[in-house]
Amino acid sequence: MITKNRYRLPAEWEPQSGVQLTWPHAGTDWAPMLDEVLATYEEMAREIRKHEPLLIVGPPTNDTWARDHGFICLVPIASHLAPRLLDFCFNGWGEKFPAELDNAINRRLYDEGSVQGEYASHLDFVLEGGSIESDGRGTIFTTSCCLLASHRNQPLTKEQIEERLKDYLCAERVLWIDHGQLTGDDTDGHIDTLVRIAPDDTLLYIGCDDPKDEQYEELRQMEEQLRTFRTLDGKPYQLMRLPLPRPIYDTNDRLPATYANFLIINGAVLCPTYGQPDLDQEALRIIGDAFPDREIVGIDCRSLIKQHGSLHCCTMQFPTGVFHA
């Protein structure tokens, strides 16, 4: 039995041993725009390699969203223990899309020796990496609209799901966010599109200033709920509000563009931009204020958002001891 005093889920800004990218190919939904998205992936790969090793997963895969099919890794508190590699079920965000090949990636990586640690199968429980955030000190943030969505873990109740999260992730508590799903989001409201954790008990979150925007009220209610949250020490979180990109459409459908979908790596933060220079620069400045000791790098994610994802969705970081290039 794994006890909470042996492992923990690290915060993303803690030291990393590498990042995983699952590479686009002609057998994925990227086929009509493969050259365009490959250019974005190549830019992501170059920037990651400046700071740490990179693991690239090639075909055959259903898709490329490493955040949601990748290992969720616990780090040991005792030095004699190995990292714990949690392999959860990825089912295409509630059986919306095929996922059987993506769901087999982790076991293949482990069997091939590409990652090191203690493998732990939780394939009877659906959990995507983009649906959780950790402060590294026992608090997990998630969204009720995602974890309670249909075709994931029914008939488990919210209370039962929370107990499993605390058990599997060695957490003290779960804070549930009940508002904020973006229009066009296939994930049912992943937290990495809405609210991100930064050092010093800081929450970076998406806000909207236009009352006519269809997302305004949901994001306003989310902001109000964040103001009620307290740390384990009983203190309010420091809130830093990110702008919402102006609407981006694919034909008539709005896409879920968000500046919250950034990736923290060793020495840098890679941030999505959307060809909106004023808002892009504002978002980069705010994220830089939250991570003053890191290089802030903007990456144009207008290709990625056409498939309803962005930079963080495409990547999965590994903590120290998991990946050796």
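This passage walks through the salt bridges, pockets and a few individual residues of a predicted model.

Salt bridges come first. There are 24 of them in the structure. As a general point, side chains of opposite charge can pair up when their charged atoms come close. One local case involves arginine 107 and aspartate 111, whose side chains meet in a salt bridge with an N to O distance of 3.0 Å. These two sit in helix 4 (residues 105-111), and because they are four residues apart there, about one helical turn separates them. As for solvent, arginine 107 has 36% relative accessibility, so it counts as partly exposed. Its partner, aspartate 111, comes out at 53% and so counts as exposed, the cut-off being over 50%.

A second salt bridge pairs arginine 254 with aspartate 213, and here the closest N and O atoms are 3.0 Å apart. This one ties together distant parts of the chain: arginine 254 belongs to strand 14 (residues 253-254), aspartate 213 to the loop between strand 11 (202-206) and helix 7 (216-228), and the two positions lie 41 residues apart in sequence numbering. Both arginine 254 and aspartate 213 are buried. For arginine 254 the relative accessible area is 8%, which is why it falls in the buried class, set at under 20%.

Arginine 254 has further partners around it. Its side chain makes a polar contact of 3.0 Å with the side chain of aspartate 213, and another, at 3.3 Å, with the side chain of glutamate 214. Leaving aside residues up to four places away in sequence, the residues that arginine 254 touches include Thr183 and Gly184, along with Gln215, Leu244, Pro245 and Tyr249.

A third pair, aspartate 278 and arginine 246, also forms a salt bridge, with the closest N and O atoms 2.8 Å apart. Again the link is between distant parts of the chain, since aspartate 278 is in helix 8 (residues 277-290) while arginine 246 is in the loop between strand 12 (238-242) and strand 13 (249-250), 32 residues apart. Aspartate 278 has a relative accessibility of 44% and therefore counts as partly exposed. Arginine 246, with a relative accessible area of 40%, is partly exposed as well. Elsewhere, salt bridges with shared partners join Asp209, Glu223, Glu224, Arg227 and Arg241 into one network.

On to the pockets. The largest pocket holds about 290 Å³ of space. It is lined by 18 residues, and the ones closest to its centre are Asp29, Asp63, Trp65, Trp93 and Phe97. By class, that lining splits into six nonpolar, seven polar and five charged residues.

The second largest pocket encloses about 200 Å³. Its lining is made up of 14 residues, with Gly207, Cys208, Asp209, Pro243 and Leu244 nearest the centre. Strand 12 and helix 8 are the elements that give two or more residues to this lining. Seven of the lining residues of the second largest pocket are nonpolar, one is polar and six are charged. Two residues near the centre of this pocket also turn up above: Asp209 is part of the salt-bridge network, and Leu244 is among the residues touched by arginine 254.

Asparagine 62 is another residue worth a look. It is found in the loop between strand 3 (54-57) and helix 2 (66-69). With a relative accessible area of 15%, asparagine 62 is buried. Although asparagine 62 and glutamate 100 are 38 residues apart along the chain, their C-alpha atoms are separated by 7.4 Å. A polar atom of the asparagine 62 side chain lies 3.2 Å from the backbone nitrogen of glutamate 100, and the asparagine 62 side chain also reaches the backbone nitrogen of leucine 101 at 2.7 Å. Not counting residues up to four places away in sequence, asparagine 62 touches Gly27 and Thr28 as well as Pro98, Ala99, Glu100, Leu101 and Asp102.

The last stop is helix 6 (residues 158-168). Ile161, Leu165, Lys166 and Tyr168 are buried in this helix. The buried residues of helix 6 pack against four strands and a helix, namely strand 4 (72-76), strand 5 (84-89), strand 6 (118-126), strand 9 (173-177) and helix 5 (144-147). Just after helix 6, cysteine 170 adopts a positive phi of about 55°.

Key
Residues are numbered from 1 along each chain as its sequence is written. This is a predicted model: local features need pLDDT of at least 70, side-chain atom pairs count only at pLDDT 80 or more; totals for chains, interfaces and linings use all residues. Side-chain values use heavy atoms; hydrogens and water are left out. A salt bridge is a side-chain nitrogen of Lys or Arg within 4 Å of a carboxyl oxygen of Asp or Glu. Buried means under 20% relative accessible area, exposed over 50%, partly exposed in between (1.4 Å probe, protein chains only). On a 1 Å grid over the protein atoms alone, a cavity is a set of points where a 1.4 Å probe fits but cannot get out, and a pocket is an open set with protein on both sides within 12 Å along at least five of seven lines; lining residues have an atom within 4 Å of a point. Grid points are joined across faces, edges and corners, and a volume is the space filled by probe spheres set on the points. Ala, Val, Leu, Ile, Met, Phe, Trp, Tyr, Cys and Pro count as nonpolar, Asp, Glu, Lys and Arg as charged, and the others, Gly among them, as polar. A polar contact is a pair of N or O atoms within 3.5 Å; within protein, one must be able to donate a hydrogen and the other to accept it, and residues adjacent in sequence count only if both atoms are side-chain atoms. Contact means heavy atoms within 4.5 Å.
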